Amino acid sequence: MLYLDTTDAAKLATWEDIVIKKLAFVLTCAATFCVTSAFAQDTNLEKLGGFKTTGTPMMEPIPQTGENAEALKAIAAKVKVPDGFKISLYAIVPDARHMAVGPQGVVTFVGTRKELVYSMTDRNKDRVADDVKVFAPSIKMAVPNGVCFSRDGHLYLAEQNRVLWFPAAEFFYEGPDVAAFAIVKQGELIPASDESYNHTARTCRIGPDGRLYITIGQPFNVPAPEVLPEFQKLGIGGIISMKQDGSDRKIYARGMRNPLGLDFNPKDKTLWVNDNQVDGMGDTIPPGEMNHVTGPDQNFGFPWYGGGKTRTVEYKDATVPEGVIFPEVEQEAHAADLGLSFYTGKQFPEKYRGGIFSTQHGSWNRVDPVGARVMFTSLKEDGTAGKTEVFAEGWLNENGEYLGRPVDVQVLNDGSLLVSDDLAGAIWRISYGD
């Protein structure tokens, strides 16, 4: 069993200022962040937790030029954005899913639904990434989709059934070994018996209260009544929160099917989240949901409702819990709404400041496909949703062929917008003006 102690503190003292400032926190929470024998199957994580090298070689960087880059630039040329905006290829990143922009503006991390996380760096600040490589290749990962940063530079990674903490990711990302600790051990985010190949991608954010918020999708299209009590007890099909050391786990929101993109409104600190709704009910129902979570313990209606106010066949005669909250925004059915971010930059016109950008991954089983676009939702003065409109589209062509599938949206430090795409294996950048 390995613990952080004063010997480790001496090593911490050689780190960049960001880690030095966090030393007291690390020592106080040492017992929580220890790596136990439960990780015997991943000896490299044990070594990293003990500040030891693993001998893992660096993987080759992802090429950013050549025929693939030119083909992706041709796709970007087909995407329509409002007047004054332009879209370009920012990086080639295989299987690109959810993103986390480093507070220092040095590096952006990109999760996937496979086994790898990538880092991308724009070294010459020409607003094109010139260095894309695998992050922490010495750690074996499983569906490392959800990445998020604390304001003081700590990276969190929500996998299928584990949560990792990287206290100095922007400093250590250059090499194969990185300070890494499991704050939620493998098999403890959800019970191993509830692991599935379906709805396993988690997302995360650090809230204004300093807690870590994680979405947990439930594995079924519509779950059977007998599994609901366990799911509700564990927060499966909702959002959980915990302290940044992994302790004090609480259920924050329930009644969701497969929640993904989430973000906090900087103005009123409330949480907004997209939720993917029930399949198999037809092309036009039920609607996708953008939900507004204004406080803890709220219930958003699934599985009694399949989306919006559309009752599911399986629960059409069941009594609906009191106080169910309906979506703030109803999106087009089966467009697969994923990423969601408040626009906090200053580059875009005033109309977009403080509003919500979100993505639609695109339908997979509609007769007439829909989605594959970036949406924008304005907010009213009272903090409720205003108009939702298409912001960028063209990844779904006139033949019903997907040229790309947008996943996440994140704001770069310069105020431009990054859009990840797991089909094209690309990160697009949308900017305004010169």
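## A walk through the cavities and pockets

Start by selecting helix H8 (residues 228-234), which gives the largest cavity the largest share of its lining, three residues. Helices here are DSSP runs of H or I with at least four residues, strands are runs of E with at least two, and both are numbered from the N terminus. You're looking at a predicted model, where local features need pLDDT of at least 70 and side-chain atom pairs count only at pLDDT 80 or more, while totals for chains, interfaces and linings use all residues. Residues are numbered from 1 along each chain as its sequence is written, and side-chain values use heavy atoms, with hydrogens and water left out.

**Inside: the cavities**

Stay with H8 and add Gln232, Ile236, Gly237, Gly255 and Phe302; of the 15 residues lining the largest cavity, these lie nearest its centre. A cavity is a set of points, on a 1 Å grid over the protein atoms alone, where a 1.4 Å probe fits but cannot get out; a pocket is an open set with protein on both sides within 12 Å along at least five of seven lines, and lining residues have an atom within 4 Å of a point. The volume is about 120 Å³, meaning the space filled by probe spheres set on the points, with grid points joined across faces, edges and corners. Colour the lining by class and you get eight nonpolar, six polar and one charged. Nonpolar covers Ala, Val, Leu, Ile, Met, Phe, Trp, Tyr, Cys and Pro, charged covers Asp, Glu, Lys and Arg, and the others, Gly among them, are polar.

Next, select Ile190, Asp194, Ser196, Arg202 and Gly217, the residues nearest the centre of the second largest cavity, which 14 residues line. That one comes to about 60 Å³, with four nonpolar, seven polar and three charged residues in its lining. The count is three cavities of 30 Å³ or more.

**Open space: the pockets**

Now pick Phe149, Arg151, Arg205, Asp263 and Thr344. They lie nearest the centre of the largest pocket, which has 41 lining residues and about 1,100 Å³ of space. Show the strands too: S2 (99-101), S6 (146-149), S10 (204-206), S14 (258-264), S21 (337-342) and S25 (406-411) each supply at least two lining residues. By class, the lining splits into 17 nonpolar, 17 polar and seven charged.

The second largest pocket has a volume of about 550 Å³. Arg113, His199, Asn258, Asn276 and Trp364 are the closest to its centre among 27 lining residues. S14 and S21 turn up again here, along with strand S15 (271-276), each with at least two lining residues.

**A loop stop: Pro176**

Zoom to Pro176, in the loop between helix H7 (169-172) and strand S9 (181-184). Buried or exposed? Pro176 counts as buried, because its relative accessibility is 17% and the cut-off is under 20% (exposed is over 50%, partly exposed in between; 1.4 Å probe, protein chains only). Leaving out residues up to four places away in sequence, Pro176 touches Thr56, Pro57, Met58, Ala136, Pro137 and Ser138, a contact being heavy atoms within 4.5 Å. Ser138 is 38 residues away along the chain, yet the two C-alpha atoms are 6.1 Å apart.

**Zoom out**

The whole protein has eight helices and 27 strands. Its C-alpha atoms fill a box of roughly 60 × 55 × 40 Å along the principal axes, and buried residues make up 60% of the 434.
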